[in-house]
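User: I'd like to understand one part of this structure really well. Could you pick a single piece and walk me through what surrounds it, step by step?

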Amino acid sequence: MVAERKLRIGVLGCGQISQAAHFEACRKATNAELYAICDLAEDLVVKMAAIHEPSLTYTNFDAMVADPNVEAVIVGVADQFHVAMAQQALAAGKHVLVEKPLGVSIEECASLQSAVADSGLVLQVGTMKRFDPGIAFARKFIAEEMGEMLALKAWYCDSTYRYAMTDNLQPVVVSSSAARRPAGNPKADRELYYLLGHGSHLVDTARFLGGEIAALRARLVQKFDAYCWFVEVAFASGAVGHLDLTIAVRMDWHEGFQVYGEHGSVIGKTYNPWYFKSSDVECFSTRDDQYHRVLGADAHFYKLQVEGFADTILNGAPMRGANINDGTAAIRALVAIARSTDSGDWVRLDQVEGTIS
Ligand SMILES: NC(=O)c1ccc[n+]([C@@H]2O[C@H](COP(=O)([O-])OP(=O)(O)OC[C@H]3O[C@@H](n4cnc5c(N)ncnc54)[C@H](O)[C@@H]3O)[C@@H](O)[C@H]2O)c1
């Protein structure tokens, strides 16, 4: 179904994630359009414009946010640039969908929190797994039927074979020597990169299903170029949790969750996101002694994420994605994991500050 009015989106960044997800998501969304694209790397802009045919192209973000026809911006640039770009977009009166993680320090996320509150605009964080129909189904069951939560386990284990799989699924990604990247190549620090890049998904899913995390204790084992974080979690509800972030396991992509509750339980298996396949989720309810599952035929998480974002802006629908507080809480959890890995102690999330490194 085509919406009466489409949100005019400008995408900042013509790199990997925009090429593989955001451009297509904006074009396929029923209630949004790919109005403009922007990158400092002109060659990328030209190539992406030829494929995706936005109405306008920009090589300067100042100019894109000065365009009164741009209603919302997707911030698809390196993590270190998220907060500054999101702040600039808000200051220009644009709604923002910012890639995960929200930022790289607790303080910069807090300053963005104030900017969002002052602006009255919509800011959503791009942890798109919330739009996985299976995970959304699990969340609804937990909220409406499962009763009190006893325990949650969640795991996110990348595979050593992931590029063999994803190279077949994604378009050929074009890169440019003119692309702007943060100084000092932050991806070279594997602990930082894995926590920000992958851990942000894990803690967001854990919070989406399990609620607020109060404290945690983490251990990191690093062997044969593999990093394994096991994290004990104390949820604010009093439930216990265990998170496993392993990059990378010597097998297929391995991601999922188990939740035990008062009137039922949930088991979920999540696929590598580039298959655009809904998680297999089974919710057992003691109400009817049966397992319940959803097909989730349309599982283009990035498209569904844009549609949800546009629905909030155009129609005032409740935000289904992660909001600014969720994004900030996820950074708190990641910083707490880093602190606890160093000290071996339990760390309260309301007491951490600074960055991961
Ligand atoms: N949600 C997901 O599943 C998922 C997956 C992959 C990456 N990501 C996130 O997406 C973000 C971007 O990752 P990427 O791999 O596409 O990065 P990238 O470095 O390949 O691309 C970013 C592009 O932004 C451009 N850019 C940076 N600053 C700019 C500025 N001020 N003005 C104009 N252009 C600018 C760069 O030139 C570059 O082309 C990261 O935060 C990453 O964590 C999310």
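Analyst: Happy to! Let's look at helix α4, and begin with its cover: the buried residues of α4 are covered by parts of the chain that include β1 (7-12), α3 (61-66), β4 (72-75), β5 (95-98), α5 (106-119) and β6 (123-125). Please keep in mind that this is a predicted model.

Now find the helix itself. Helix α4 runs over residues 82-91, and H82, V83, M85, A86, A89 and L90 are its buried residues. Looking down the axis of α4, you would see these buried residues fall within an arc of 165°, so they line one face of the helix. Just after α4 comes G93, whose phi is positive, at about 85°.

Next, choose a neighbour and look back at the helix from there. A good choice is V75, which is found in strand β4. Is V75 buried or exposed? With a relative accessibility of 0%, V75 counts as buried. Leaving aside residues up to four places away in sequence, V75 touches H82, M85 and A86, and also L12, V96, L97, V98 and E99. H82, M85 and A86 are among the buried residues of α4 that we listed above. V75 can also be placed relative to D39: the two are 36 residues apart along the chain, and their C-alpha atoms are separated by 11 Å.

A second viewpoint is L123. Which residues of α4 does L123 touch? A86 and L90 are in contact with L123, and so are V96, V98, L102, L112, V116, M319, A322, N323 and I324, again not counting residues up to four places away in sequence. L123 also belongs to a bigger picture: in the largest nonpolar core, which has 79 residues, L123 and V266 are the residues with the most contacts inside the core. Apart from that core lies another, of 32 residues, with V11, C26, A41 and M128 among them. Here is a general idea to remember: in soluble globular proteins, nonpolar side chains tend to be buried together.

Finally, let's turn to the ligand, where the helix appears again. The ligand is surrounded by 23 residues, and the closest are D39, D79, H82, R180 and Y302. You have met D39 already, as the residue whose C-alpha atom is 11 Å from that of V75. H82 is familiar too, as one of the buried residues of α4. The helix gives the ligand several neighbours: both α1 (16-28) and α4 supply at least two residues each to the shell around the ligand.

How does H82 meet the ligand? A polar atom in the side chain of H82 lies 2.8 Å from an oxygen atom of the ligand. Backbone atoms take part as well. A polar backbone atom of I17 is 2.9 Å from a ligand oxygen, and for R180 a backbone N or O atom lies 2.7 Å from an oxygen atom of the ligand. On its own the ligand has 860 Å² of accessible area, and the protein covers 89% of that.

To put it together, H82 is a handy residue to remember: it is buried in α4, it touches V75, and it is one of the closest residues to the ligand. A86 is another useful landmark, since V75 touches A86 and L123 touches A86 too.

Methods
Residues are numbered from 1 along each chain as its sequence is written. This is a predicted model: local features need pLDDT of at least 70, side-chain atom pairs count only at pLDDT 80 or more; totals for chains, interfaces and linings use all residues. Side-chain values use heavy atoms; hydrogens and water are left out. Buried means under 20% relative accessible area, exposed over 50%, partly exposed in between (1.4 Å probe, protein chains only). Helices (H or I, at least four residues) and strands (E, at least two) are DSSP runs, numbered from the N terminus. The arc is that of the directions from the helix axis to the C-beta atoms. Contact means heavy atoms within 4.5 Å. A nonpolar core is a set of buried Ala, Val, Leu, Ile, Met, Phe, Trp, Tyr and Cys residues joined through side-chain atoms within 4.5 Å. A residue is near a molecule or strand if one of its heavy atoms lies within 4 Å of it. A polar contact is a pair of N or O atoms within 3.5 Å; within protein, one must be able to donate a hydrogen and the other to accept it, and residues adjacent in sequence count only if both atoms are side-chain atoms. Accessible areas come from the Shrake-Rupley method with a 1.4 Å probe; for residues, only the protein chains shown count as cover.
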